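Welcome to this guided tour! Please open the structure in your viewer and keep the selection tool at hand.

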Amino acid sequence: MSGGEIDRPRIEGAVREILAAIGEDPYRDVLRETPERVAEAYAYLFGGLHEDPDEYLDTSFAGDFGDPVMLRDVPVASLCEHHLLPFVGKAHVGYVPDGRVVGLSEVVRVVEGYARRPQIQERLTAQVADSLHGALGSRGSIVVIEAEHTCMTMRGAEKPGTITVTSAARGVYAEDAALRAEFLAHVSGR
Ligand SMILES: [Zn+2]
């Protein structure tokens, strides 16, 4: 996928096909512009395929840091790769620096970069945890994502409001239950 671009005219043609296939007239009034709008939305929502989110961590800075850094309620919006329907929620992210920290906005960009592609919540959670452990070079990382999957809640398999929770822990967070408990106490301390 590297170096590729999003082919908007191709998306437009495909969306026109879908509209025709469901029995709509792709050329009736407002629908005429829909393929272009979908292509523009997809270019943004799948744009993460053409970037390496770990590069946001290149701007880390050195210092005498060793205490956990925790972010609560980072917005998450992605599309499930099973149905291309949105799942939306929030991520809670923590890591224990090993002498290097990164700006909080860069952590948010890592989450967004991995979310903006066809995804499953479990992999998104693992990718962010791996990034903050491996790419950043921290002593450990932990990620909890809570999200509502519209492919489930819009089709009756689950009631609206049902939340899927996934978590991933790396390094010291995988080894140290007390550290995990401290993180969970922080992110649930509303
Ligand atoms: Zn789905």
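Before we start, one term: two residues are in contact when heavy atoms of theirs lie within 4.5 Å. Please also keep in mind that this is a predicted model.

**Stop 1: the whole protein**

Begin with the cartoon view. The protein holds seven helices and seven strands, and from the N terminus on they run α-α-β-β-β-β-α-β-α-β-α-β-α-α. Turn the model around: along its principal axes, the C-alpha trace spans about 60 × 40 × 25 Å.

Now colour residues 8-45 and 54-187 separately. These are domain 1 (8-45) and domain 2 (54-187), and their C-alpha centres lie 32 Å apart.

Switch on the surface next. About 10,200 Å² is exposed, with carbon and sulfur atoms supplying 53% of it. Of the 190 residues in the protein, 37% are buried. If you show the charges, you will find 19 positive and 30 negative ones, whose mean positions are 4 Å apart.

How much of the contacts with a separation of 6 or more comes from residues 24 or more positions apart? Such pairs account for 70% of them.

**Stop 2: Leu-79**

Select residues 69-80, which form strand S2, and pick out Leu-79 there. Is Leu-79 buried or exposed? Its relative accessibility is 6%, so Leu-79 counts as buried, the cut-off being under 20%.

Show what surrounds this side chain. Not counting residues up to four places away in sequence, Leu-79 touches ten-odd places you can click through, including Leu-45, Phe-46, Phe-87, Ala-115 and Arg-117. Leu-84, Leu-85, Pro-86, Pro-118 and Gln-119 also belong to the residues that Leu-79 touches. For a look in another direction, draw a distance from Leu-79 to Tyr-56: the two are 23 residues apart in sequence and 22 Å apart in space, C-alpha to C-alpha.

**Stop 3: the zinc ion**

Move along to the zinc ion and show the residues around it. Which atoms coordinate the zinc ion? They are SG of Cys-80, ND1 of His-83 and SG of Cys-151, at 2.1 to 2.3 Å. Along the chain, these donors follow the spacing C-x2-H-x67-C. Cys-80 lies in strand S2 and Cys-151 in helix H5 (residues 150-153), so this pair ties together parts that are 71 residues apart in sequence.

Click on the two cysteines in turn. Cys-80 counts as buried because its relative accessibility is 3%, and Cys-151 counts as buried at 5%.

**Stop 4: Leu-85**

Select Leu-85, in the loop between S2 and strand S3 (86-96). With a relative accessible area of 27%, Leu-85 is partly exposed. Leaving aside neighbours within four places in sequence, Leu-85 is in contact with Ser-78, Leu-79, Cys-80, Thr-150 and Cys-151. That list includes two residues you have just visited at the zinc ion, Cys-80 and Cys-151. Now add Met-154: its C-alpha atom is separated from that of Leu-85 by 9.7 Å, although the two are 69 residues apart along the chain.

**Stop 5: two backbone angles**

Finish with the backbone. Most residues other than glycine have a negative phi. Select Leu-84, in the loop between S2 and S3: its phi is near 55°, a positive value. Leu-84 counts as partly exposed, at 37% relative accessibility.

Then go back to strand S2 and select Asp-73. What is the phi of Asp-73 near? The phi of Asp-73 is near 60°, again a positive value in a residue other than glycine. Asp-73 is partly exposed too, with a relative accessible area of 33%.

Key. Residues numbered from 1 in each chain as written. Predicted model: local features only at pLDDT ≥ 70, side-chain atom pairs only at ≥ 80, totals over all residues. Heavy atoms only, no water. Helix = DSSP H or I, 4+ residues; strand = E, 2+ residues; numbered from the N terminus. Buried < 20%, exposed > 50% of the residue type's maximum accessible area, 1.4 Å probe, protein only. Areas by Shrake-Rupley, 256 points an atom, 1.4 Å probe, with all protein chains shown as cover. Lys, Arg positive; Asp, Glu negative; His and termini not counted. Charge placed at Lys NZ, Arg CZ, Asp CG, Glu CD. Domains from an automatic or database assignment. Donors = N, O, S within 2.8 Å, 3.2 Å for Na, K, Ca; no water.
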